Amino acid sequence: MDCGAVFVKYVLFIFNILFVICGILLITFGSIMVSTIKDFTSLDATFTANSVAIIILTLGCLIFVVAFLGCCGAIRENACFLTTYSVIMLVLLISQLILIIFVWVEHVQIGQSLEKIVETIWDQRKSSDGILLDTMQRTFKCCGLHNAADYLALTVPASCCDSLTNGSCSAVTAVFRPGCLSAVDDVWDTNANIIKYAGLGVTAVELVAFIFACCLANQTRNNARRQNY
């Protein structure tokens, strides 16, 4: 194998180590999103938000498995592994682009779906004994729909405070917490930017890995043919 092929081989191996790390990060990120949303699955409006989290988690698992296959194919110089890796990488690359475009185009709509979830939880706070609202306020460290003043009382639920004073949470203490609408919006904006810009970076690296894998697979097949003569 010439110097160029050796270079491609080890660059591909390093790329796939990075992909393994990216896959683990996406699995972690998707799991956090799923665990955050799962408490509100009784609401119909969670479908859009939950589907994005599941897609991210699935892509993370796929990236991890495919990257492991790429590492093995590069080190063992196995043309079959490398070809399979190239095909799967191409499908994965297209899938990630679709996800990024979806989040980019539907960013506002997904945010509006999350706002409807928050408003529904707030409207149902009495019929559901406030369980969903308490869960949301603890998860996002928020209080009330817009702020603590929405409770129109001197005391607010314990979920509005990190620590209780004399067994209760005062509105004065909770006033420093943002409303749940703005807190959820901030979380989504941050996560959406991670999905868009980090996703574009990962996609660019995957494109390079796809090209390198095709080149290395072709070089490996050519070497095998030469050995047969």
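What follows is a chat between a reader and an author about how to read one predicted model.

Reader: Before we start, what kind of model is this, and how are residues numbered?

Author: It's a predicted model, where local features need pLDDT of at least 70 and side-chain atom pairs count only at pLDDT 80 or more, while totals for chains, interfaces and linings use all residues. Residues are numbered from 1 along each chain as its sequence is written, and side-chain values use heavy atoms, with hydrogens and water left out.

Reader: Okay, how many helices and strands does the protein chain have?

Author: Elements here are DSSP runs numbered from the N terminus: helices are H or I with at least four residues, strands are E with at least two. By that reading the protein chain has 7 helices and 2 strands. Walking from the N terminus, you meet them in the order α-α-α-α-α-β-β-α-α.

Reader: And what share of the residues count as buried?

Author: Buried means under 20% relative accessible area, exposed means over 50%, and partly exposed is in between, using a 1.4 Å probe and protein chains only. Of the 229 residues in the protein chain, 42% count as buried. As for surface, accessible areas come from the Shrake-Rupley method with a 1.4 Å probe, and for residues only the protein chains shown count as cover. The protein chain exposes about 12,300 Å², with carbon and sulfur atoms supplying 67% of that.

Reader: What about contacts: what percentage join residues at least 24 apart?

Author: A contact means heavy atoms within 4.5 Å. Take the contacts in the protein chain between residues at least 6 apart in sequence: 71% of them join residues at least 24 apart.

Reader: Can you walk me through some single residues?

Author: Sure, start with Asn16, which sits in helix α1. Asn16 counts as buried because its relative accessibility is 0%. Setting aside neighbours within four places in sequence, Asn16 is in contact with Val66, Ala67, Gly70, Cys71 and Tyr85. Next is Ser86, in helix α3, which counts as buried at 5% relative accessibility. Not counting residues up to four places away in sequence, Ser86 touches Phe210, Ala213 and Cys214.

Reader: And Arg221, where is its place?

Author: Arg221 is in helix α7, and with 32% relative accessibility it counts as partly exposed. Leaving out neighbours within four places in sequence, Arg221 contacts Ala79 and Thr83. Arg221 and Ala79 are 142 residues apart in sequence, yet their C-alpha atoms are 6.3 Å apart in space.

Reader: Now cysteines. How many disulfides turn up in the whole structure?

Author: A disulfide is a covalent bond between the sulfur atoms of two cysteines. The cut-off used here is a pair of cysteine sulfur atoms within 2.5 Å. A search of the whole structure finds 2 disulfides.

Reader: Which residue does Cys142 pair with?

Author: Cys142 is joined to Cys180, S to S 2.1 Å. Cys142 lies in the loop between α5 (131–140) and β1 (155–156) and Cys180 in helix α7, so the pair ties together parts 38 residues apart in sequence. The link of Cys142 and Cys180 is right-handed, with 80° about the S-S bond, and both cysteines are buried.

Reader: And which cysteine goes with Cys143?

Author: Cys143 and Cys160 form a disulfide, with their sulfur atoms 2.2 Å apart. This pair links distant parts of the chain, 17 residues apart: Cys143 is in the loop between α5 and β1, Cys160 in the loop between β1 and β2 (169–170). The torsion about the S-S bond of Cys143 and Cys160 is about 90°, so this disulfide is right-handed. Cys143 counts as buried at 0% relative accessibility, and Cys160 counts as buried at 1%.

Reader: Why isn't Cys215 bonded to Cys214?

Author: Because the sulfur of Cys215 is 6.9 Å from the closest cysteine sulfur, in Cys214, too far for a bond. Cys215 is partly exposed, with a relative accessible area of 43%.
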